[in-house]
Amino acid sequence: MKYRAVKGMQDILPPDVHVWQALEAAACRVFSLYGYQEIRFPVLEHTEVFTRSIGETSDIVEKEMYTFEDKGGRSVTMRPEGTAPIVRAYIQNGMHNLPSPQKVYYMGPMFRYERPQKGRLRQFHQIGAEAFGSPGPEIDAELIAMLHAFLEEAGLGGLQVELNSIGCPECRPGYRQALLDFFADKREGLCPDCQRRYEQNPLRILDCKVPRCIELRQGAPVVSEHLCEGCREHFSSVKSLLELMQIPYKLNPEMVRGLDYYRRTTFEITSEHLGSQNAVAAGGRYDGLVKEFGGAEVPAIGFAVGMERLVALTGDASARAPVPDVFIATLGDRAGREAMKMAHELRQEGLWVELAYGQGSLKSQLRRAGKLGARHAAIIGDDELDRGVFNWKDLEREGSGEADLSSVRGFFAERLRQD
Ligand code: HAM
């Protein structure tokens with residue numbers, strides 16, 4: 001084969017695509033109950049949108065962005081995530097003038113030049129949500145509850161909400177210093193990236209995947225123990241609201257997220273069935289980002305679900321694939337023409353109709369109907385046409401017979417309604 005998809009990028013084919021469609025529909029359904037509306041934004045952004053927000057020292061910006069110069073010599077980047085572009089869109093479109101909070105959701109492809117492995121692709125898909133304009137813990141708890149409801153609607157059990165607060169600009173400097181003190185005599189042993197992170201952003205060391213760094217950070221100070229009064233209160237309200245709504249969670253004081261924009265509440269939804277890439281969804285508060293982008297002081301929070309990981313957890317796709325309502329098998333040219341008309345009419349009734357297109361014996365046509373899982377067959381030949389009738393067969397249950405051609409529209413619609 002001459003051409004293959006680009007490494008780390010996948011085709012999504014039937015029947016798997018039905019699982020995707022069901023998940024996307026579930027997201028629209030559930031998110032709208034919480035007042036979230038869809039936003040669509042470009043796949044390409046000016047590179048700075050990401051470098052300024054995700055952080056110069058994050059893995060994404062350091063190594064993983066698909067960045068190139070366009071023909072006008074501008075540096076553009078294929079979106080590695082949705083939050084930064086949405087902040088850009090929020091400001092550019094004056095959404096801060098709309099009633100607050102503004103709640104949006106999105107779905108679509110993201111691009112990161114990572115080492116492809118199970119659960120990690122270079123083009124992957126996210127369903128995400130962001131809420132702008134509310135600083136209070138209520139929106140944090142509501143957003144996490146919404147994510148939980150979506151994952152339940154998707155039929156996923158055995159998931160764990162992991163929760164943390166990573167503080168704000170008031171308490172971060174104290175924590176930063178505590179980390180610098182802790183790593184001062186371990187610095188030489190860290191990987192080259194982390195030696196640089198020590199200078200620039202020591203929090204990143206806690207997110208490094210190099211085994212030696214993981215070892216060296218055992219016993220490092222945890223952020224939740226360095227929160228200021230405001231962050232502590234905010235966090236404790238988030239927790240108590242989650243308890244009120246009976247959303248189970250587990251505190252994970254070691255969770256620091258891989259993107260720089262987070263403040264206060266952060267969370268991940270993990271599954272033990274996913275191996276090392278175990279986060280199905282992740283998110284948190286990013287109160288400073290709108291201002292950082294030149295907008296007003298607008299607090300915000302959001303999350304993104306990794307679709308491929310979600311799909312991997314939902315099991316056998318073929319069981320969910322829809323099947324045709326009626327398969328029309330024909331014998332002879334006249335019947336083939338009549339089948340086109342019949343199919344057209346039945347489709348106008350809202351039925352899924354498959355045709356044989358004049359191919360094969362009656363037996364092989366019916367075999368194809370069986371393979372497709374069609375629920376009913378209509379069979380027509382010259383003899384039936386002369387008598388103005390068609391033969392029908394219920395392929396799911398026993399039953400067959402003859403009916404008037406003129407009644408075909410109502411006939412199948414009625415039978416399918418009875419099912
Ligand atoms: P993130 O943790 O980078 O957060 O990604 C969110 C989810 O996307 C991950 O938990 C994972 O399921 C999925 N994911 C990430 N990278 C890959 C990959 N290479 N292959 C497959 N799946 C992947 C964000 O993107 C933030 N924008 C979330 C957010 C929204 N925070 C606030 N608002």
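This text walks through one sheet, the helices on it, and a set of salt bridges in a predicted model.

The sheet is open and has 5 strands, in the order S13-S12-S14-S15-S16, with mixed pairing. Two strands stand at its edges: S13, residues 353–355, and S16, residues 400–404. Each has a single partner strand, so one side of S13 and one side of S16 have no neighbour in the sheet. On average, neighbouring strands are turned by 25° against each other, direction ignored.

In general, the strands of a sheet pair through backbone hydrogen bonds, in either the parallel or the antiparallel sense. Here, S12 (residues 326–330) pairs with S14 (residues 376–380) in the parallel sense, over 5 bridges. Within this pairing, Thr-330 has Ile-380 of S14 opposite to it.

Two helices can be placed relative to these strands. Helix H13, made of residues 362–372, packs on the sheet and touches S12, S13 and S14. The direction of H13 makes about 170° with that of S12. Helix H12, residues 333–348, lies across S12, S13, S14 and S15, the last of these being residues 389–394. H12 runs at about 165° to S13.

The loops that border the strands carry charged contacts. Asp-325 and Arg-375 meet through their side chains in a salt bridge, with an N to O distance of 3.5 Å. Asp-325 belongs to the loop between helix H11 (307–313) and S12, while Arg-375 belongs to the loop between H13 and S14, so this pair ties together parts that are 50 residues apart in sequence. Both Asp-325 and Arg-375 are buried.

Arg-375 also forms a salt bridge with Glu-396, and the closest N and O atoms of that pair are 3.5 Å apart. Glu-396 sits in the loop between S15 and S16, 21 residues from Arg-375, and the pair links distant parts of the chain. Glu-396 has a relative accessible area of 46%, and because exposed requires over 50%, it counts as partly exposed.

The structure holds 34 salt bridges. Another of them joins the side chains of Arg-196 and Asp-193, at 2.9 Å from N to O. Both residues lie in helix H7 (residues 192–200), 3 residues apart, which is about one turn of the helix. Arg-196 is partly exposed at 32% relative accessibility, and Asp-193 is partly exposed at 22%. Which residues are joined into one network by salt bridges that share partners? They are Asp-59, Glu-62, Lys-63, Asp-193, Arg-196 and Arg-197.

Key: Residues are numbered from 1 along each chain as its sequence is written. This is a predicted model: local features need pLDDT of at least 70, side-chain atom pairs count only at pLDDT 80 or more; totals for chains, interfaces and linings use all residues. Side-chain values use heavy atoms; hydrogens and water are left out. Two strands pair if DSSP finds at least two bridges between them. Helices (H or I, at least four residues) and strands (E, at least two) are DSSP runs, numbered from the N terminus. Axes are lines fitted to C-alpha atoms, for helices over the stretch in contact, and angles run from 0 to 180 degrees between N-to-C directions. Contact means heavy atoms within 4.5 Å. A salt bridge is a side-chain nitrogen of Lys or Arg within 4 Å of a carboxyl oxygen of Asp or Glu. Buried means under 20% relative accessible area, exposed over 50%, partly exposed in between (1.4 Å probe, protein chains only).
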